[in-house]
Amino acid sequence: MILHTVKHSPFNHKSLEQVLPRLGQDDYLLLIENSVVAVTVTHELSEALNELALQQRLFVLEPDLLARGLSSSVGNLVDYKGFVSLVEKTDTTISW
Amino acid sequence: MKIAIINTQMPHGMADARESLDAALALSGFTENLSVFFLDDGVYQLVENQQPQSILQRHIQPTFKLFDLYDIETVYVCEQSCLLRGIDPKRLCIPVQLLQPQQLSEKLHQQQQIIRF
């Protein structure tokens, strides 16, 4: 079970688009830094992200949303402690 | 001399936003014709009520309010970049001129020197 983290804005980097098809059945996806914007507006990757959220496998680092004056109703919001527990819960982490 | 600064980067990720702001304030001393453009992810810099302390970043947004003091009145924002990102172009942190991509390109071609951040 892998924790995938993505940090780039999907508007200027392909990392989020590239990681989605690589997610295993029970892998987690955590959006941090600039990539948190991916859950603040509807775009071509939203459907896949909503799907992950429904399965409770999409997480978003809340401090990065607050820092940017943004909010989201998609995905589970976590703080830094939550980030750590996600790392503990999974076997390994890949940052894209 | 018509000089333009283009902001294309998100705030907080890297130092681009702050460096660009410092450059704008510095350049405003040299030319009356300084224009500042915000496009693509650069528009995120103008989103209101940011709380960068939550990620231990300096809050540079108040510095945008210095634009008036430094006579930087020409601030262009790409409206399409805002809409694409779900940002309300009427609720940005400073007064701006909203342009369609075509208009924005025309304004850019009127500049003599352009610096992109």
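**Loop residues of chain B and the interface between chains A and B**

In the predicted model, Asp40(B) is partly exposed, its relative accessible area being 40%, a value that falls between the limits of 20% for buried and 50% for exposed residues. Asp40(B) belongs to the loop that connects strand 2 (33-38) with helix 2 (61-64) of chain B, and its phi is near 50°, which is a positive value in a residue other than glycine. Leu56(B) is likewise placed in the loop between strand 2 and helix 2 of chain B, and its phi, near 60°, is again positive in a residue other than glycine. With a relative accessibility of 77%, Leu56(B) is classed as exposed, because the threshold for that class is over 50%.

The size of an interface is often expressed as the accessible area that is lost when the parts come together. For chain A and chain B the buried area is about 1300 Å², with 58% given by carbon and sulfur atoms. Of the area that chain A buries against chain B, 38% is supplied by Phe11(A), Ala67(A) and Arg68(A), more than by any other three residues. The contact involves 15 residues from chain A and 18 residues from chain B.

Across the interface of chain A and chain B, zero salt bridges are found, whereas four residue pairs are in polar contact, both residues being at pLDDT 80 or more. On the side of chain A that touches chain B, helix 3 (residues 62-67) gives the most, with four residues. By class, this side of chain A comprises eight nonpolar, five polar and two charged residues.

Definitions and conventions: Residues numbered from 1 in each chain as written. Chains lettered and ligands numbered in written order. Predicted model: local features only at pLDDT ≥ 70, side-chain atom pairs only at ≥ 80, totals over all residues. Heavy atoms only, no water. Helix = DSSP H or I, 4+ residues; strand = E, 2+ residues; numbered from the N terminus. Buried < 20%, exposed > 50% of the residue type's maximum accessible area, 1.4 Å probe, protein only. Contact = heavy atoms within 4.5 Å. Buried area = accessible area lost by both parts, 1.4 Å probe. Salt bridge = Lys/Arg side-chain N within 4 Å of Asp/Glu carboxyl O. Polar contact = N/O pair within 3.5 Å; in protein donor to acceptor, adjacent residues only side chain to side chain. Nonpolar A, V, L, I, M, F, W, Y, C, P; charged D, E, K, R; others polar.
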